[in-house]
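User: Could you walk me through how to read burial, strand pairing, helix shape and cavities in a model like this one?

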Amino acid sequence: MDLAFTPEEQAFREEIRSWVRANLPEDIAHKVRNDLHLTREDMQRWAKILGKKGWLGYGWPKEFGGPGWSAVQKHLFEEECALAGTPRIVPFGPVMVAPVIMAYGTPEQHQRFLPGIASGEVWWSQGYSEPGSGSDLASVKTRAERVGDKYIVNGQKTWTTLGQYGEWIFCLVRTSNEGKPQTGISFLLVDMKSPGVTVRPIKLLDGSHEVNEVFFDNVQVPADQLIGEENKGWTYAKHLLSHERTNIADVNRAKRELERLKRIAKTEGVWEDQRFRDQIALLEIDVIALEMLVLRVLSAMKSGKNPLDIAGLLKIKGSEIQQRYSELMMLAAGPYALPYIQEAMEAGYQGDFPGNVLGNAPLAATYFNMRKTTIYGGSNEVQRNIVAQTVLG
Ligand SMILES: Cc1cc2nc3c(=O)[nH]c(=O)nc-3n(C[C@H](O)[C@H](O)[C@H](O)COP(=O)(O)OP(=O)(O)OC[C@H]3O[C@@H](n4cnc5c(N)ncnc54)[C@H](O)[C@@H]3O)c2cc1C
């Protein structure tokens with residue numbers, strides 16, 4: 001197993017690094033590096049810059065307008081973006097629904113939906129979870145009834161991330177109650193501006209508006225917005241979930257945040273505390289172990305081997321690491337992490353209030369926000385069940 005990058009891969013990294021550094025707006029990078037609130041405009045501005053270069057769909061094959069990069073090149077791109085402080089690519093369009101449209105959509109659907117995703121113009125949301133159907137996703141109840149050349153959709157989705165900005169939503173809907181629950185699900189693309197779609201905010205522990213409830217009340221959806229075959233949506237949904245879980249691991253962001261944790265610990269003086277340093281060292285070991293795991297997968301893919309299906313494992317380790325660094329940052333900042341200061345979440349905030357030398361007021365909010373990571377994308381308990389089944393049979 002060879003974990004080293006080739007000279008060509010190193011050169012590719014350099015190319016990405018200099019392009020990202022030259023094109024990433026400094027005001028956006030500042031917000032990302034200091035964990036300040038990113039507006040829709042911030043996220044979409046960066047998405048469009050990438051889109052113009054042809055890199056928003058960085059995982060896409062050439063035939064669909066992507067760069068056709070290898071798994072290693074994709075990894076290097078993600079790493080350089082994270083280290084430079086780019087916003088995370090909002091995954092619902094380019095990372096989640098696009099591969100499903102490519103794999104199972106018609107040529108007309110490719111032409112209709114992929115360009116808007118590749119350019120960053122169209123904002124997508126994910127409509128999987130419902131009240132009572134999260135881990136048990138196959139029990140979704142939102143109903144889509146075929147009437148002529150339309151589906152009439154009724155029901156509710158929940159926890160819809162950034163759905164307040166959504167223009168389109170991909171939904172799992174029930175089209176049949178026959179047989180096993182999985183066999184009656186279809187995959188439908190819905191225009192969120194359609195009459196009968198209502199989006200309501202859910203406020204999170206950190207005070208932010210990140211997730212929503214989405215209601216469908218007799219929403220008419222043209223039948224040509226069904227992906228693949230009716231009642232086969234479960235197969236397409238699973239294709240998408242493995243992309244989501246690998247993406248959530250985000251080892252590159254963990255590397256950047258580890259360095260930020262060290263800076264905070266040094267400035268706040270807790271770096272001198274051996275026991276606190278031990279905690280940072282343990283975290284660093286886990287980050288390196290996660291990176292090794294990612295590199296092993298890449299190495300296996302490079303040599304044509306089929307790597308173990310470890311998306312669940314990456315999700316568990318990555319999400320736990322995210323929670324640990326957010327906790328250690330909060331502990332390192334001590335009382336300065338505690339106050340909830342609205343200004344600290346606002347654009348342009350520089351951390352400039354008395355006593356807050358680091359601009360670290362959002363740390364408590366970040367700590368609260370990170371509690372989500374072991375729940376979303378399939379809870380870690382459920383991932384452990386999947387890993388156990390894969391490994392133990
Ligand atoms: C911040 C955030 C953003 C999200 N964004 C989206 C989104 O954009 N789109 C979307 O569709 N969904 C989204 N989700 C929903 C997410 O996928 C679900 O919350 C998740 O799958 C868990 O489902 P649940 O909330 O219904 O919890 P439940 O399934 O009710 O689980 C409750 C608890 O029971 C445990 N549990 C359940 N079943 C088992 C089992 N078989 N074995 C062991 N333990 C079990 C779980 O681990 C959990 O601790 C988001 C969630 C959060 C928190």
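Analyst: Gladly! Let's start with burial: a residue is buried under 20% relative accessible area, exposed over 50% and partly exposed in between, using a 1.4 Å probe and protein chains only. Helices (H or I, at least four residues) and strands (E, at least two) are DSSP runs, numbered from the N terminus. Here, six of the seven residues of strand S5 (residues 185-191) are buried, so S5 is largely enclosed by the rest of the structure. Please keep in mind that this is a predicted model, where local features need pLDDT of at least 70 and side-chain atom pairs count only at pLDDT 80 or more, while totals for chains, interfaces and linings use all residues. Residues are numbered from 1 along each chain as its sequence is written, and side-chain values use heavy atoms, leaving out hydrogens and water.

User: Which strands pair with S5?

Analyst: Two strands pair if DSSP finds at least two bridges between them. Strand S4 (residues 168-174) runs antiparallel to S5 and is joined to it by seven bridges; Ile-169 has Val-190 in S5 as its bridge partner. S5 also has two bridges to strand S8 (residues 226-227), again antiparallel, with Leu-188 opposite Leu-226 in S8.

User: How do I read the shape of helix H5, and where does its kink lie?

Analyst: Start with the span, whose expected value is 1.5 Å times one less than the number of residues. H5 has 13 residues and reaches 17 Å from first C-alpha to last, close to the expected 18 Å. Next comes the bend at a residue, the angle between axes fitted to the seven residues ending there and the seven starting there. In H5 a kink of about 40° lies at Ala-98, shortly before the proline Pro-99. Eleven of the 13 residues of H5 are buried, including Pro-94, Ala-98 and Pro-99.

User: And how should I read the cavities?

Analyst: On a 1 Å grid over the protein atoms alone, a cavity is a set of points where a 1.4 Å probe fits but cannot get out; lining residues have an atom within 4 Å of a point. A volume is the space filled by probe spheres set on the points. This structure holds three cavities of 30 Å³ or more, and the largest has a volume of about 200 Å³. Its lining has 17 residues, with Ala-47, Leu-56, Val-90, Pro-94 and Gly-120 nearest the centre. Helix H3 (40-53) and helix H5 (92-104) each give two or more residues to this lining, and H3 has the largest share, five residues.

Key. 1 Å grid on protein atoms, 1.4 Å probe; cavity = no way out; pocket = protein on both sides within 12 Å on 5 of 7 lines; lining within 4 Å.
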